[in-house]
Amino acid sequence: MGAPLSLPRLRAVLGRLAAYQPTEGVHAAAARARPLSANESPHGPLPGLLEAIAGAASTVNRYPDPGCGELTRAIARSHGITEDRVVVGAGSIALLQTLLQSVGDPGSEVVYAWRSFELYPILADLAGMRSVRVPLVEGAHDLPAMADRITDATRLVLICNPNNPTGTVAAREELRKFLARTPPTCLVALDEAYYEYAREPTASSGLELGEAHPNLVVLRTFSKAYGLAGLRVGYLVGDPRVVEQLRKACLVYAVSGVAQQAAVAALGLEDQLLHRVDVTVTERRRVRDALVAHGWDVPVSHANFLWLRLGDASAEFGRWCTGKGIAVRTFPGEGVRVSIGRAEDNDAFLAASAEWCRREQRVALINSAKKVGPYEWLAQPDQTGRED
């Protein structure tokens, strides 16, 4: 027997991290599932976007602009702000990583709600920060409780608004009160990846609060409403003094030339793209109304997805959907997140969920009556005489 194989020493935190697991059946599957798991836009690229992408493709032998100059100027014009307030990155995830790496001194803490975006704890651990998780209340951020958890060790607070995966939104006055209680030395990041889908009258963008709060930054993405999930481009808006420092930590050349040109084109097509957002919002309302009519507990959502509070039944329902050829995002023991997709995909999900609901009701009825074993319902006809 030879000596045990020695391996390179990596950071100990990697042994404690759970790797990100994509939803089953979405990638590398023989039959692609209906994609209702990743919160993408279900609409294909507009012709103007395809033209911009095709034009930029002819330059892929060259490095992209490391400062994303043209895109930075276009974003600044879009929001009526100066260019020195904008940082562009390879999606809002990359900018979140930059934030955590930029504030993460040894012993520092990051505060965020839970459950929220599933990569927050992973990125915090990789940055060497301690996570302080504050439970949601009825699926929404408890901002007073989050403010209570800020200490001298807190370097960053993350607020996902609307929240992923529950779809709830923090109102304007709630955010104002929270920021008033936050020390100016603590950075607050509003993750507004789904802002374009919000229809709550009391909601407001963090961009409206930035002038009064230099410790506030806002993250946006082109992956959702602008339909560029496959190109990885997002941006951050903040105080110029903060932005100047964050730019130093951004990985150069991370945003491809193709992504930069596509994002510039998307801003020029904003009216058409936001009309598509309105279509998704209409579908969101239709799907939620149908689920509620079937007896489901579905909170009102302000994003492009719905949250099903299934608790211990979450994993079983997720497997049921997979078996029906529908990809949803399952959080075992908590719930299932369902993206709003094309009408035909949404209809397939509604049919599958209604069937599962009938099945569960029949199982509960039969088992409570103790007439048959827990799985013998498979052979029992329902009241209409049909077998599922």
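**Exercise 1. Which residue of β12 does W307 stand opposite?** Work out the answer by placing the strands in their sheet.

*Solution.* The model is a predicted one, and the exercise begins with the sheet that contains β12. This open sheet of three strands follows the order β9-β12-β11, and its pairing is antiparallel. Its edge strands, which pair on one side only, are β9 (305-308) and β11 (329-331). From one strand to the next, the twist averages 15°. The next step is to take the pairing of β9 with strand β12 (residues 335-339), which is antiparallel and extends over four bridges. Within β12, the residue that stands opposite W307 is R337. To complete the picture, helix α10 (residues 314-323) lies across β9, β11 and β12, and runs at about 160° to β11.

**Exercise 2. Describe the open sheet of seven strands and the helices that lie across its strands.**

*Solution.* Begin with the strand order, which is β2-β8-β7-β6-β5-β3-β4, with mixed pairing. The edges of this sheet are β2 (86-89) and β4 (130-135), each of which pairs on one side only. Neighbouring strands are turned against each other by 20° on average, if direction is ignored. As an example of a pair, take strand β7 (residues 216-221) and strand β8 (residues 234-237), which pair in the antiparallel sense over four bridges; here R220 stands opposite Y235 in β8. Then add the helices: α2 (residues 69-79) lies across β2, β7 and β8 and runs at about 130° to β2, while α3 (residues 91-103) lies across β2, β3 (109-114), β5 (154-160), β6 (187-191), β7 and β8, at about 155° to β7.

**Exercise 3. Which parts of the chain does the salt bridge between D345 and R34 tie together, and is D345 buried or exposed?**

*Solution.* A search of the whole structure finds 18 salt bridges, and in the one considered here the side chains of D345 and R34 meet at 2.5 Å, N to O. D345 belongs to helix α11 (residues 343-369) and R34 to strand β1, so this pair ties together parts that are 311 residues apart in sequence. For the accessibility, recall that buried means under 20% relative accessible area; D345 is therefore buried, since its value is 2%. R34, by contrast, is partly exposed at 32%. Salt bridges that share partners also join R34, R342, E344 and D345 into one network.

**Exercise 4. How far apart in sequence are R115 and E334, and how far apart are R286 and D347?**

*Solution.* In the salt bridge of R115 with E334, the closest N and O atoms are 2.6 Å apart. R115 sits in the loop between β3 and α4 (120-126) and E334 in the loop between β11 and β12, so that the pair links distant parts of the chain, 219 residues apart. R115 counts as buried because its relative accessibility is 14%, whereas E334, at 29%, is partly exposed. Turning to the other pair, the side chains of R286 and D347 meet in a salt bridge at 3.0 Å, N to O. This pair links helix α9 (residues 270-293), which holds R286, to helix α11, which holds D347, across 61 residues. R286 is partly exposed with a relative accessible area of 32%, and D347 counts as partly exposed at 37%.

Terms used. Residues numbered from 1 in each chain as written. Predicted model: local features only at pLDDT ≥ 70, side-chain atom pairs only at ≥ 80, totals over all residues. Heavy atoms only, no water. Pairing = 2+ DSSP bridges. Helix = DSSP H or I, 4+ residues; strand = E, 2+ residues; numbered from the N terminus. Axes fitted to C-alpha atoms, helices over the stretch in contact; angles between N-to-C directions. Contact = heavy atoms within 4.5 Å. Salt bridge = Lys/Arg side-chain N within 4 Å of Asp/Glu carboxyl O. Buried < 20%, exposed > 50% of the residue type's maximum accessible area, 1.4 Å probe, protein only.
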